[in-house]
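Work through the exercises below with the sequence and the coordinates open. Each task is followed by its solution.

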Amino acid sequence: MRSTIPLVLHRVAGRTLIETILDTAESLSPSQLVLLLGASRGQIEPAIGGRRVSIVETNTREGSARWLLSALEGKSSDLESVLVLPADAPNLTPDTLRRLIARQRAARLDLALLSFRPPDSAEWNRITRDRSGRVRAIAPPAERSARATRPVEAHSGIYCFRRPALEQALRRLVERNPRADLTETVEVLSRGGKVEALEAEDWREAWSVRTRRELAAAEEIAHRHGIERALDAGATVIDPSTTRIDATVSIEPDSVIHPFVVLQGRTSLQSGCEIHSFTRVADSRVGTGAVVFPHCDVEGAAIGERARVGPFARLRPGTVLDADVRVGNFVETKEAALRRGVKALHLSYLGDVEIGAESNIGAGVITCNYDGYVKNRTVVGPGAFIGSDSQLVAPVTVGEGAYVGAGSTITEDVPPGALSLTRAPQKNKEGWVAKRRASRESKTGPGGSGSR
């Protein structure tokens, strides 16, 4: 990979490879989940989050057979099957694994392997069979001169074992060679045991990432899957080639997604919403009939029904827009709750604030929430009117139906129904321009420029 970052921390469709495979494994509801980690444990472990995963640290002086045997030690003896997955297979689906497990159990196999036939199988270990077609072993890639014209049956590194047979095979291998590889269990179990290979319906599922080129290819596969899920859900994707949709995004019918949109994380688009071009939506909910106009950045926000956002708006984490809210161009929100029908249409920063229903926020309004030490909260009551270019210095409350005159700096609470102004009185000096011009000409002469 030519990287200081461990392979499994590289991302495909917004998730690290380790997160992707753990999500897949967890979807099977396993009774126990064990992660084998090597020298990069210190970097990888934080990415696991709060998952219920047991970690076994591997030793480079030992082989993968010994690692798996260590992982099984102390685990419940009533485990019927043991599923072994590589951490670098981002396209693997739970349905394929369920088929593998079901086959192993139904046929009471000692081992069920997942095989696949990639178009270019030159670099993959191969499954070898005897003349009767029974699986015998895992072999290294064939020499170039011996390669077949059609794709060979490649080994994916995905196994489903019957536990007693697995432990017996592992002990035999480790006693003979502490550096034995897990692939050797295939040959051991095929001698008198029952081993079968189940071919993946889509070879891309079993394909794993080992290089930057393969990482880019996996991203394209995930991209296509994301588009297909959106279309199958009833969404309109105007330009699939420029749209990116993570695997964790959910979309309801009649949503419209314009070109150059990126949907990331735990985002949900509800029915009939519309996301315009050059917009990113991450870990957010967009309500029924809502519209996000071009060039917006939305993260960790909830957008209510029929709300209108943008263009050029930024909704930061903790933003909640209720139904029929309008947030316009160059408005930024953070930890802000805008209740039904609020309008904030131009050039405002609204942070750590709750704004009551039907209030109007004028152009250039700022909630001054940070005093250098802590974030303070602003509350604006329902039906209030905040005039343009005003600053609300938190903590402060503007009462229901109150007015704040344009250009005011509010540092004290405003009672309900009151008008608050902090402007200096306006002064008009009549004839001032002519007097100034005459003064300058007396010093420089008519038409003189004087020094600046």
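The exercises deal with strand pairing and salt bridges.

This is a predicted model, in which local features need pLDDT of at least 70 and side-chain atom pairs count only at pLDDT 80 or more, while totals for chains, interfaces and linings use all residues. Residues are numbered from 1 along each chain as its sequence is written, and side-chain values use heavy atoms, without hydrogens and water.

**Exercise 1.** Find the strands that pair with β28 and the residues opposite Lys343.

Solution. Helices (H or I, at least four residues) and strands (E, at least two) are DSSP runs numbered from the N terminus; two strands pair if DSSP finds at least two bridges between them.
- Step 1: β26 (residues 326–329) runs parallel to β28 (residues 343–346), joined by three bridges. Here Arg326 has Lys343 as its bridge partner.
- Step 2: β28 also pairs with β30 (residues 360–361), parallel, over two bridges. Asn360 in β30 stands opposite Lys343.

**Exercise 2.** Locate the salt bridge between Arg162 and Asp110 and classify the burial of both residues.

Solution. A salt bridge puts a side-chain nitrogen of Lys or Arg within 4 Å of a carboxyl oxygen of Asp or Glu.
- Step 1: the N to O distance is 2.8 Å. Arg162 belongs to β9 (residues 154–162) and Asp110 to the loop between α4 (94–106) and β6 (111–116), 52 residues apart.
- Step 2: buried means under 20% relative accessible area, exposed over 50%, partly exposed in between (1.4 Å probe, protein chains only). Arg162, at 26%, is partly exposed; Asp110, at 10%, is buried.
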